[in-house]
Amino acid sequence: MKVTVNTDDPPFFHTTMVREYEELNRAFGWDETAFLDLARDLIRLSGRTEGVDAEIVITGLRPGEKLHEELTSPEETAVATAVEKISVLMHEGLEVPEAM
C-alpha cells in the first residue's frame, strides 16, 4: 500500500510540501517516527511482514518534484487590486490599467 503526502495544486491552495508536512505535524503531532509507524501498521494490517515481503522506502524528492512552486518570474511583480486578497501580476515595462 502506498501512502503519500502531496499538494494537489500548490498555487491554488497556497502551499508547499514543507507546509503540508508541517501541517500534519501541527494537526496530529506527526514527525518522521509517526510516518514510519503508520507505514509499519499498514504493512502489518495488510498481512505482510516488513523486510520479508514489504519494504519502507523514503524516496525524498522525485525527479522533477519541487519543494516550492515558483509563481512569478523575476520580470513580474504582484500589484494590489481594489479587492484585498486579489493581486495582478504585471510584467516589467507594462502599465497597470486604471481599473486596477
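**Exercise 1. Classify Trp30 by exposure in this predicted model.**

Solution.
- Take the relative accessible area of Trp30: 28%.
- Apply the cut-offs: buried is under 20%, exposed is over 50%, and partly exposed lies in between.
- Trp30 is therefore partly exposed.

**Exercise 2. Which aromatic pairs does a search of the whole structure find, and how many?**

Solution.
- The search finds two aromatic pairs.
- One of them joins Phe28 and Trp30, with ring centres 5.4 Å apart and planes at 40 degrees.
- Planes under 30 degrees apart count as stacked and over 60 as edge-to-face; the rest are tilted. At 40 degrees, the pair of Phe28 and Trp30 is therefore tilted.
- Trp30 also pairs with Phe35, at 5.2 Å centre to centre. The planes stand at 85 degrees, and this pair is edge-to-face.
- Trp30 takes part in the pair with Phe28 and in the pair with Phe35. Phe28, Trp30 and Phe35 form one aromatic cluster.

**Exercise 3. Is Phe28 buried or exposed?**

Solution.
- The relative accessible area of Phe28 is 56%.
- The cut-off for exposed is over 50%.
- Phe28 is therefore exposed.

**Exercise 4. Locate Thr81, then classify its exposure and find which backbone oxygens its side chain reaches.**

Solution.
- Thr81 sits in the loop between strand E1 (76-80) and strand E2 (87-91).
- Its relative accessible area is 18%, so Thr81 is buried.
- The Thr81 side chain reaches the backbone oxygen of Ile86 at 2.6 Å.
- The Thr81 side chain also reaches the backbone oxygen of Val83, at 3.1 Å.
- Put together, Thr81 is a buried loop residue with side-chain contacts to the backbone oxygens of Val83 and Ile86.

Definitions and conventions
Residues are numbered from 1 along each chain as its sequence is written. This is a predicted model: local features need pLDDT of at least 70, side-chain atom pairs count only at pLDDT 80 or more; totals for chains, interfaces and linings use all residues. Side-chain values use heavy atoms; hydrogens and water are left out. Helices (H or I, at least four residues) and strands (E, at least two) are DSSP runs, numbered from the N terminus. Buried means under 20% relative accessible area, exposed over 50%, partly exposed in between (1.4 Å probe, protein chains only). A polar contact is a pair of N or O atoms within 3.5 Å; within protein, one must be able to donate a hydrogen and the other to accept it, and residues adjacent in sequence count only if both atoms are side-chain atoms. Rings of Phe, Tyr and Trp (its six-membered ring) pair if their centres lie within 6.5 Å; planes under 30 degrees apart count as stacked, over 60 as edge-to-face and the rest as tilted.
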